[in-house]
Amino acid sequence: MPSTAQQASAVEVGLDPALEPVYQRSCSVCHSNAATTGAPLARDRGAWAPRIAQGREVLLDHTINGFNGMPPMGACADCTEEQYVALIEYMANAKIKDE
Ligand code: HEC
């Protein structure tokens with residue numbers, strides 16, 4: 001088992017294959033495209049670190065209600081909170097603190 005924070009942060013967070021089409025039709029439109037309006041790019045840990053640090057509640061609030069250029073529900077009207085968390089953790093390549 002990884003015991004130090006350094007080892008833990010090196011763990012890659014993948015995406016559930018069932019969520020791949022959801023990611024492709026919604027989040028990826030902005031979060032995998034550097035030409036868009038400043039969305040933090042998927043798998044860019046540095047860009048996501050300060051955002052992920054906000055915790056689950058704030059991240060879900062910003063995803064569901066929108067946040068600046070981030071549209072409400074991230075263009076996925078039928079996503080559940082659990083799916084949003086999985087999508088965010090995939091993009092951040094890091095786990096969200098559950099508090
Ligand atoms: C239309 C473009 C667009 C789509 C589609 C989109 N996002 Fe975003 N997202 C953005 C932009 C732009 C930001 C940066 C907002 C800022 O920091 O000003 C952002 C930021 C975020 C953040 C960080 C919010 C914070 O508090 O820092 C999360 C989480 C997020 N998006 C999740 C998602 C998820 C999950 C999806 C797919 C279900 C998604 N986004 C789809 C444009 C988009």
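What share of the contacts in the chain with a separation of 6 or more is accounted for by residues 24 or more positions apart? The figure is 62%. Keep that in mind as you move around this predicted model.

**Stop 1: the whole chain.** Show the chain as a cartoon. There are six helices and zero strands. Read from the N terminus, the order of elements is α-α-α-α-α-α. Now colour by burial. Of the 99 residues, 23% count as buried.

**Stop 2: the ligand.** Select the ligand and the residues that surround it. The shell has 28 residues. Label the closest ones: Cys27, Cys30, Asn68, Gly69 and Gly74. Then colour the shell by class. You should find 16 nonpolar, eleven polar and one charged residues.

Which helices each supply at least two residues of this shell? Select α3 (28-31), α5 (56-65) and α6 (81-92). The largest share comes from α5, with four residues.

**Stop 3: α5 against α6.** Keep two of those helices on screen, α5 and α6. Two packed helices are described by the angle between their axes and the distance between the axes. Here the angle is about 100 degrees, and the axes of α5 and α6 are 11 Å apart. Angles of 65 to 115 degrees count as roughly perpendicular, so α5 and α6 are roughly perpendicular to each other.

Show the side chains at their contact. From α5, pick Arg56, Leu59, Leu60 and Thr63. From α6, pick Glu81, Tyr84, Val85 and Ile88. By class, this contact of α5 with α6 has five nonpolar, one polar and two charged residues.

**Stop 4: along α6.** Hide α5 for a moment and look at α6. Put a distance on its end C-alpha atoms: they are 16 Å apart. The expected span is 1.5 Å times one less than the number of residues. The twelve residues of α6 should therefore span 16 Å, which agrees.

Which residues of α6 are buried? Select Tyr84, Ala86, Leu87, Ile88, Tyr90, Met91 and Ala92. Bring the other helices back to see what covers these buried residues of α6. The cover includes α2 (20-25), α3, α4 (45-52) and α5.

**Stop 5: just past α6.** Step on to asparagine 93, which follows α6. Most residues other than glycine have a negative phi. The phi of asparagine 93 is positive, near 50 degrees. Buried or partly exposed? Asparagine 93 has 18 C-beta neighbours inside 10 Å, so it counts as partly exposed. A residue needs 20 or more to be buried.

Now select lysine 95, also in the segment after α6. Lysine 95 has 14 C-beta neighbours inside 10 Å and therefore counts as partly exposed. Leave aside its neighbours within four places in sequence, and lysine 95 is in contact with Val13 and Glu89. Add valine 13 to the selection. Lysine 95 and valine 13 are 82 residues apart in sequence, yet 7.4 Å apart in space, C-alpha to C-alpha.

**Stop 6: a loop residue.** Go back along the chain to the loop between α3 and α4, and select arginine 43. What is its phi? The phi of arginine 43 is near 75 degrees, a positive value in a residue other than glycine. Count the other C-beta atoms within 10 Å of arginine 43: there are 15, so this residue is partly exposed.

Conventions
Residues numbered from 1 in each chain as written. Predicted model: local features only at pLDDT ≥ 70, side-chain atom pairs only at ≥ 80, totals over all residues. Near = placed C-beta within 6 Å. Nonpolar A, V, L, I, M, F, W, Y, C, P; charged D, E, K, R; others polar. Axes fitted to C-alpha atoms, helices over the stretch in contact; angles between N-to-C directions. Parallel < 35°, antiparallel > 145°, perpendicular 65-115°, else oblique. Contact = placed C-beta atoms within 7 Å. Buried ≥ 20, exposed ≤ 12 C-beta atoms within 10 Å, placed from the backbone.
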